[in-house]
Amino acid sequence: MSHILLISASMRRANSTTRKLSESVVSKLSDQNTTVTERDLADGIELIDEEWIAANFIAEADRTEAQKARLATSDRLIAELKSADIIVIGAPIYNFGVPGALKAWIDLVARARVTFKYSENGPVGLLKGKRAIIVTASGGTSVDSAVDFATPYLRHALGFLGINDVTIIAADQQMVDPAAAKSRAEGGIHALAA
């Protein structure tokens with residue numbers, strides 16, 4: 001039995017390339033024993049602030065009820081991430097980077113002593129053994145080009161958490177050649193191993 005976490009970061013609910021392609025990825029990787037949790041960041045997501053940071057840096061046993069409540073969303077998102085075998089992230093490229101809501105999600109799940117720790121050799125991700133598939137789309141930005149700050153950031157952030165098995169499915173440069181962008185993405189999905 002496998003568990004997929006589908007994170008949709010596109011603010012477009014209709015006609016979103018990343019939403020359509022992410023659904024195709026989930027369908028390709030699913031069978032009758034697969035469960036799927038969906039997290040739609042277009043529904044809104046809180047931002048970390050001074051209270052959140054203060055609560056996060058207090059030992060769990062010493063947190064007040066208010067501090068525990070302040071971290072409750074983060075705890076829920078981390079539980080979703082921990083329970084998943086495969087994480088599918090629909091991440092359009094907005095102005096060369098990730099959507100703000102996706103950055104907020106990463107801020108909420110990257111927690112010292114929970115999803116990573118520091119050692120004498122540097123940071124160590126605690127979410128090992130998971131697979132991530134990033135489904136991205138852009139109008140003009142070419143994935144892995146000098147102006148793509150989205151996919152390298154996501155690879156690094158996931159790797160920081162211990163998720164190093166990362167595949168990119170890209171429908172990039174849709175405004176340049178939409179047919180080629182669609183073909184590349186569909187080919188990437190077709191090549192995925194379940």
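Buried means under 20% relative accessible area, exposed means over 50%, and partly exposed lies in between. The exercises below use a predicted model.

**Exercise 1.** Classify Tyr118, Phe116 and Phe160 as buried, partly exposed or exposed.

*Solution.*
- Step 1. Tyr118 has 58% relative accessibility, so it counts as exposed.
- Step 2. Phe116 has a relative accessible area of 6%, so it is buried.
- Step 3. Phe160 has 24% relative accessibility, so it counts as partly exposed.

**Exercise 2.** Describe the aromatic pairs of the structure.

*Solution.*
- Step 1. There are two aromatic pairs.
- Step 2. Phe116 and Tyr118 form an edge-to-face pair, at 5.4 Å centre to centre and 85° between the planes.
- Step 3. The ring centres of Phe116 and Phe160 are 4.4 Å apart, and their planes stand at 50°, so this pair is tilted.
- Step 4. Phe116 belongs to strand 4 (residues 116–119) and Phe160 to helix 6 (residues 151–160), so the pair ties together parts 44 residues apart in sequence.
- Step 5. Phe116, Tyr118 and Phe160 make up one aromatic cluster.

**Exercise 3.** Place strand 3 (residues 86–90) in its surroundings.

*Solution.*
- Step 1. Check burial: five of the five residues are buried, so strand 3 is largely enclosed by the rest of the structure.
- Step 2. Sort the directions. Ile86, Val88 and Gly90 point one way, while Ile87 and Ile89 point the other way.
- Step 3. Find one neighbour. Strand 1 (residues 2–8) runs parallel to strand 3, joined by five bridges. Here Ser8 stands opposite Gly90.
- Step 4. Find another. Strand 6 (residues 131–137) also runs parallel to strand 3, with five bridges between them. Val88 has Ile133 of strand 6 as its bridge partner.

Definitions and conventions: Residues are numbered from 1 along each chain as its sequence is written. This is a predicted model: local features need pLDDT of at least 70, side-chain atom pairs count only at pLDDT 80 or more; totals for chains, interfaces and linings use all residues. Side-chain values use heavy atoms; hydrogens and water are left out. Buried means under 20% relative accessible area, exposed over 50%, partly exposed in between (1.4 Å probe, protein chains only). Helices (H or I, at least four residues) and strands (E, at least two) are DSSP runs, numbered from the N terminus. Two strands pair if DSSP finds at least two bridges between them. Rings of Phe, Tyr and Trp (its six-membered ring) pair if their centres lie within 6.5 Å; planes under 30 degrees apart count as stacked, over 60 as edge-to-face and the rest as tilted.
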